[in-house]
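Subject: The structure to look through

Hi,

Here is the structure for you to open before reading on. Have a look around first, then come back to my notes.

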Amino acid sequence: MPPKRIAIIGANGQLGSDLVSEFGKRGHDIVPLNHERMDIGDAEAVRRVLSETRPDIILNTAAMHNVEACEADPVAAFRVNALGVRHLALAAADLDAVLAHYSTDYVFDGAKQAPYAETDAPRPLNAYGNSKLAGEYFVRSLAPRHFVLRVGAIYGHAPCRAKGGRNFVTTMLALGRERPFLRVVDDEIVSPTPTAAIAGQSVALCQTEHYGLYHMAARGRCSWHAFAASIFDLAGIKTDLQVAAPGEFPAKVPRPAYSALENAGLARIGLDLMPDWRDGLKQFLDGRS
Ligand SMILES: NC(=O)c1ccc[n+]([C@@H]2O[C@H](COP(=O)([O-])OP(=O)(O)OC[C@H]3O[C@@H](n4cnc5c(N)ncnc54)[C@H](OP(=O)(O)O)[C@@H]3O)[C@@H](O)[C@H]2O)c1
């Protein structure tokens with residue numbers, strides 16, 4: 001793809017940092033947009049900053065995604081995750097820019113108990129999932145050239161800003177080194193995905209005109225307990241990992257018990273570059289991604 005001007009919203013976030021690096025490596029003109037420069041919930045700011053910047057592609061990672069905070073204040077969640085995304089979609093349409101917007105596995109309720117494809121009907125269980133789903137619909141109806149990219153259980157080297165700077169991998173590494181034993185749930189199934197893989201896959205997809213809705217997850221699935229076991233195994237950590245008893249860590253907000261994703265859309269266009277979740281973890285721990 002010839003060099004493009006690429007606005008990356010949430011550029012200092014966990015996923016945003018890898019997008020800056022992956023798109024930057026290909027010689028694109030990167031415009032990193034952090035929260036201080038542009039609040040996506042502010043329609044006027046979005047119009048002004050994006051019309052000054054005139055990007056060819058807008059990548060949006062910005063979200064209010066602390067699930068408990070969204071449940072406590074759904075108005076704030078919808079302001080960012082739904083209306084904020086609407087402002088971006090309108091600006092993208094005005095500027096004739098491509099909008100790639102990151103969404104979530106939490107649009108599903110988990111009842112399927114098998115990996116979710118793009119054709120499965122969403123049914124969010126909480127305010128966060130509902131607000132993100134509303135954002136998806138705005139993108140799909142308002143931005144003619146769009147990618148809606150659902151990701152889940154993500155981890156990267158840059159701190160996850162909405163979750164106190166940690167992700168599951170960095171939390172397990174810290175706890176596993178500190179504690180003689182740990183208890184982790186095995187009744188929630190996910191597709192743990194490194195943000196570097198999402199960034200590489202996003203570069204490949206944005207080179208095409210295969211616009212639409214895509215799942216972008218590492219292949220395969222596991223429980224959080226199995227994921228923790230692999231982290232400890234690969235990192236050589238000897239803590240005694242136990243299965244948490246049902247109800248031991250009661251969730252304050254309902255969450256899907258199963259939210260593994262299948263990259264059916266990427267497979268259909270012959271462009272599924274995502275690693276198996278174990279390989280992705282290995283690369284992350286080796287510092288190769
Ligand atoms: N983390 C996960 O496990 C997970 C799972 C599924 C889907 N996702 C989705 O993946 C995306 C990226 O997640 P992440 O882990 O990279 O998040 P992150 O590290 O918390 O980064 C989010 C970025 O968005 C910015 N932001 C928040 N509200 C904003 C607003 N109103 N206007 C402009 N910028 C704003 C944040 O800036 P400040 O910190 O300065 O506010 C931060 O730079 C999100 O859309 C999320 O919904 C994440």
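Below is what I found, going strand by helix and then to the ligand.

One thing to keep in mind: this is a predicted model.

Let's start with strand β4 (98–104). Seven of the seven residues of β4 are buried, so the rest of the structure largely encloses this strand. Look along β4 and you'll see Val-98, Ala-100, Tyr-102 and Thr-104 pointing one way, with Leu-99, His-101 and Ser-103 pointing the other. That fits a general pattern: in a regular strand, side chains alternate between the two faces of the sheet.

Who does β4 pair with? On one hand there is β3 (residues 57–60), which runs parallel to β4 and is joined to it by four bridges. Leu-59, for instance, has Ala-100 of β4 as its bridge partner. On the other hand there is β5, also parallel to β4 and joined to it by six bridges. Here Tyr-102 stands opposite Leu-149 in β5. To get from β4 to β5 the chain passes through helix α5, and this β-α-β crossover is right-handed.

That brings us to α5 itself, which covers residues 127–142. Its 16 residues reach 22 Å from the first C-alpha to the last, close to the 22 Å expected at 1.5 Å a residue. Its buried residues include Ala-127, Tyr-128, Phe-138 and Val-139, but also Lys-132 and Glu-136. What do the buried residues of α5 pack against? They pack against two helices, α3 (67–72) and α4 (74–95), and two strands, β4 and β5 (146–151).

Now the ligand. There are 31 residues around it, and Gly-10, Gly-13, Ala-62, Ala-63 and Ala-162 come nearest. By class, this shell has 14 nonpolar, 13 polar and four charged residues. α1 (14–25), α4 and β4 each supply at least two residues of the shell, and α1 gives the most, with three. So keep β4 in view here too: besides being buried, this strand contributes to the ligand shell.

Last, a residue to click on: Thr-53, in helix α2 (residues 43–53). Is Thr-53 buried or partly exposed? It counts as partly exposed, because Thr-53 has 18 C-beta neighbours inside 10 Å, and a buried residue needs 20 or more. Leaving aside neighbours within four places in sequence, Thr-53 is in contact with Ala-7 and Val-31. Ala-7 is 46 residues away along the chain, yet the C-alpha atoms of the two are separated by 7.8 Å.

Cheers

Methods. Residues are numbered from 1 along each chain as its sequence is written. This is a predicted model: local features need pLDDT of at least 70, side-chain atom pairs count only at pLDDT 80 or more; totals for chains, interfaces and linings use all residues. The expected span of a helix is 1.5 Å times one less than its number of residues. A residue is buried if 20 or more other C-beta atoms lie within 10 Å of its own, exposed if 12 or fewer, and partly exposed in between; C-beta atoms are placed from the backbone. Two residues are in contact if their C-beta atoms, placed from the backbone, lie within 7 Å. A residue is near a molecule or strand if its C-beta atom, placed from the backbone, lies within 6 Å of it. Ala, Val, Leu, Ile, Met, Phe, Trp, Tyr, Cys and Pro count as nonpolar, Asp, Glu, Lys and Arg as charged, and the others, Gly among them, as polar. Two strands pair if DSSP finds at least two bridges between them. A crossover is right-handed if, with the strands pointing away from the viewer, the path from the first strand over the helix to the second runs clockwise.
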